[in-house]
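Here is a friendly walk through the cysteines and the nonpolar cores of this protein. Please keep the structure open as you read.

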Amino acid sequence: MISFGSMFNPERVLGRYGKLGLNNPEYNIEGLKNDAERPKDFPVYPNESIGRSQIKTNNSKHPQPKELELSDNDKDFVSKLSSDMYGFHPNGDRFWVHSIEPVQGGVMNICMGDGKIINGASRHEFAKNRIKDDTQAFQIAGKDIYGGNKLITVVNNNETGITTMYTCDSKECYPLAVECKDIKLLASAIIDNLSAVQGVTVWKK
């Protein structure tokens with residue numbers, strides 16, 4: 001079941017997003033359809049979200065990263081998690097957010113909103129602050145120092161005990177098992193190596 005509320009219902013909206021330190025996430029929801037950096041086939045379920053970049057698709061100068069294919073174990077693990085996907089509007093500090101929470105019976109709770117980075121923080125800082133100690137997986141869409149598009153996904157699968165980093169560019173995806181179990185430290189290092197951040201997705205239980 002999907003329920004629809006008012007453009008800004010403080011009781012429903014601030015309770016969820018206030019914890020993230022955001023302002024009203026629906027202050028400009030029209031921007032979602034006017035200029036948001038999101039794919040046309042916007043995914044609905046977490047296992048469809050992973051591997052879908054928030055990078056704009058009309059930039060032919062730099063080919064887009066290949067679609068990510070997780071291992072079967074990681075795909076199954078991530079599909080059970082709640083997700084928050086953030087994508088930035090072009091050339092600014094405004095973003096859209098698409099949150100999904102699995103519930104019993106295979107039905108998803110879905111919430112979409114719009115927000116703005118506050119207190120003069122950068123996109124890099126914003127992305128880092130989305131990854132918490134309870135984050136099970138995250139994905140960063142951005143550009144490297146050469147201007148190429150990158151899609152980097154880390155899955156800390158506590159069912160298998162393996163942490164895997166999938167790095168995708170325009171040619172292929174490179175899965176790599178990593179020893180680092182500090183998810184925040186790993187995310188910070190990845191984000192610092194990007195020249196631009198265009199979106200971030202986090203998964204947690």
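## Cysteines and cores

Cysteine 168 pairs with cysteine 173 in a disulfide, with 2.1 Å between their sulfur atoms. Do keep in mind that this is a predicted model. The structure holds one disulfide. Its torsion about the S-S bond, between cysteine 168 and cysteine 173, is about 110°, so the disulfide is right-handed.

How buried or exposed are these two cysteines, and two others along the chain? The table lists cysteine 168, cysteine 173, cysteine 111 and cysteine 180.

| Residue | Relative accessibility | Class |
|---|---|---|
| Cysteine 168 | 0% | buried |
| Cysteine 173 | 21% | partly exposed |
| Cysteine 111 | 29% | partly exposed |
| Cysteine 180 | 29% | partly exposed |

Cysteine 173 counts as partly exposed because its 21% is not under the 20% that buried requires.

Now to the interior. The largest nonpolar core has 23 residues, and the members that touch the most others are Phe95, Ile131, Phe138, Ile140, Val154, Ile190 and Val200. Two or more residues come from each of β1 (82–88), β2 (94–102), α5 (123–130), β4 (135–143), β5 (149–157), α6 (183–192) and β8 (196–204). The most generous contributor is α6, which gives five residues.

Valine 154 deserves a closer look. Beyond its neighbours within four places in sequence, valine 154 is in contact with Gln136, Ala137, Phe138, Thr163, Thr164, Met165, Ile183, Leu186 and Ile190. Another core, of twelve residues, lies apart from the largest one, and its members include Phe77, Leu81, Leu151 and Tyr166.

How values were computed. Residues numbered from 1 in each chain as written. Predicted model: local features only at pLDDT ≥ 70, side-chain atom pairs only at ≥ 80, totals over all residues. Heavy atoms only, no water. Disulfide = S-S within 2.5 Å. Buried < 20%, exposed > 50% of the residue type's maximum accessible area, 1.4 Å probe, protein only. Core = buried A, V, L, I, M, F, W, Y, C linked by side-chain atoms within 4.5 Å. Helix = DSSP H or I, 4+ residues; strand = E, 2+ residues; numbered from the N terminus. Contact = heavy atoms within 4.5 Å.
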